[in-house]
Amino acid sequence: MRRLSNTGVLVLLALCAAAPAAATPVVLPGWPVPAPAGPVLAGRDGGVVVSGTAGLDTPSWKVVAAFTADGSRRWVAARRPGCGNCDGEQPTRLHPDGGYGPVGFTADDFWNVDAAGRIVAGCPGVAMPGGDCIAAGGTPATTPLFSRTRAGVARWALADGDAVWTAENEVWAPVVIDGEGVVYTAFPPGPAPGDRRSGRGVALDAATGALRWRTSGVDRVVTALDRGVLANTPDGVAALGEGAIVRWTLPASLGPATFAITDAARGEVVVQMGTGVPRVAAVGLATGEVRWITGGGRAARLLSTGPRGMRYLTVGRTLRAVTVAGRVAWTLPAAQPIAGAHELGDGTVMVSTGGGEDGLLLRVAPRRTAPRVTKPAVDLSRRVIRPCGTARGCVLEPASGAVLRVRMPRSSTLRLRLVLPGGGPGGVILPRSPVAVPAGESHLRFDAGAARARRATLEVRWRLAGRPGVARIPLRLVR
């Protein structure tokens, strides 16, 4: 493969450091609401769809839930994968057919969810309108197959006899489709364990299956460009055009691309690179010019891009909204990991926090700045609590538990316990104590677990500037 050098100017941004000039947006009234914690994708009528997990079983339930713009749950699709030692999990994404997937584990048990919330046959590649699935895979140690099928019947198929399918744990190869209707995939190196030969990239016409090009030196496709594909190669991350010509490459020292989003309207592709301490860069589509890149001190992860050009990244437990020019417009610190973000048409942003049962969905208004917190305060969204306490988990029971709202003038650590009548501890299932909270307002999902008493007290303790504080909230527990 021919390699082009990257001649762009590398602009380092202090996105991984604190941004004191960046304001914090206000959380709109009525938010947050209980939700899965995971990617936030576009939904119907201005709403969103969130994909995550629920329950304490192994494997956990896989949940896809749709929400309206006002926070009401429109539908939920939940299923527990029928496997034990499950392999091949891939991120759920929005497909051209309007559905979401894959959900589950592509090596063992997986499915898709259609736009109405119904569980349908899984597609590990690209689900097209009309029910077709374009995917690339095969049985281990066999010839890999790139095909377009409907209900198990192939419309077209390409078997690559010069490669052998040896993907780890039978994970299906990623498939992407560009704006010209060309689909791309790459089969990994093989066949023998430890074989370092580069993989093979393939491009086909999505409608007919006609071969556009096939080349060695492509290990994995990452995302479709306006025309062409962004892929990992032995020489670094590369943009491949017609005929597999390399338009440009990024320095191999930045590591492989793990996630990327193309913004053709602004002539950019935003790329997350590196596996240990990932970095995010904005790259010009035409030349490969690196317009800005996060510093390498802390991990930065790309979540999404907005229709107005905002790029949403996470650094630690803080969401950062970054302009096309690379300026941090605003930040949102959270008490739980930031799992997803999606900008709505009115400029507000849906943000997913948590990592499982503690999932919450917030809606923030960047045009409004959150007021400065001067005194510590802790409160619950309700005092009558119905613990969820089921194997399927709190995510599937949004009416259970409550939302703990925390206001602190500076970052602190909370210690929580449930005190039953007579002074005995009742334990707290959510949140896990102790929990670090940032300065300002933050939110946590609260659940009283398996406590059997009818009344209890939630005791929350903290320390600020060496001075202890405590809040005691009386509760009534119902079943």
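Let's start with a word we'll need a lot: a residue is "buried" when its relative accessible area is under 20%, "exposed" when that area is over 50%, and partly exposed in between, using a 1.4 Å probe and protein chains only. By that yardstick Trp-156 is buried, at 7% relative accessibility, and Phe-146 is buried too, at 1%.

Before going on, here is what you're looking at. This is a predicted model, so local features need a pLDDT of at least 70 and side-chain atom pairs count only at pLDDT 80 or more, while totals for chains, interfaces and linings use all residues. Residues are numbered from 1 along each chain as its sequence is written, and side-chain values use heavy atoms, with hydrogens and water left out. The score pLDDT is the predictor's confidence in each residue, from 0 to 100. The chain averages 89, and 89% of its residues reach 70 or more. Two stretches to treat with care are residues 1-10, where pLDDT stays under 50, and residues 192-196, where pLDDT also stays under 50. Counting a contact as heavy atoms within 4.5 Å, the model has 28 contacts beyond four places in sequence for residues 1-10 and 2 such contacts for residues 192-196.

Now for the strands. Helices (H or I, at least four residues) and strands (E, at least two) are DSSP runs, numbered from the N terminus, and two strands pair if DSSP finds at least two bridges between them. Find the open sheet of 4 strands, which come in the order β4-β5-β6-β7 with antiparallel pairing. At its edges stand β4 (40-42) and β7 (73-79); each has a single partner strand, so one side of each is left without a neighbour in the sheet. From one strand to the next, the twist averages 25°, where axes are lines fitted to C-alpha atoms, for helices over the stretch in contact, and angles run from 0 to 180 degrees between N-to-C directions. Inside this sheet, β6 (residues 61-67) is joined to β7 by 6 bridges, and Phe-67 has Arg-73 in β7 as its bridge partner.

Phe-67 turns up again in the largest nonpolar core. Such a core is a set of buried Ala, Val, Leu, Ile, Met, Phe, Trp, Tyr and Cys residues joined through side-chain atoms within 4.5 Å. This one has 29 residues, and those touching the most other members are Val-48, Phe-67, Tyr-312, Leu-319, Trp-330 and Leu-361. Strands that each supply at least two residues include β5, β6 and β30 (318-322), while β34 gives the most, with 4. Take a look at Leu-319: leaving aside residues up to four places away in sequence, its contacts include Tyr-312, Trp-330, Ile-338 and Val-351. A second, separate core has 26 residues, among them Ala-456 and Trp-462. In soluble globular proteins, nonpolar side chains tend to be buried together.

Next, slide along to β25 (residues 268-273), where 6 of 6 residues are buried. Glu-268, Val-270 and Gln-272 point one way, and Val-269, Val-271 and Met-273 the other. On one hand, β25 is joined to β24 (residues 257-263) by 6 antiparallel bridges, with Thr-262 opposite Val-269. These two strands form a hairpin with 4 residues between them, and Gly-267 in the turn has a positive phi of about 65°. β25 also has 6 antiparallel bridges to β26 (residues 279-284), where Val-280 is the partner of Gln-272. In that hairpin, Gly-274 takes a positive phi near 90°.

Most residues other than glycine have a negative phi, and most peptide bonds are trans. Asp-45 goes against the phi habit, with a value near 55°; this residue is exposed, at 60% relative accessibility. Ala-244 has a positive phi of about 65°, but Ala-244 is buried, at 11%. As for peptide bonds, Gly-101 and Pro-102 are joined by a cis one, with omega about -5°, and the bond from Ser-433 to Pro-434 is cis as well, with omega near 0°.
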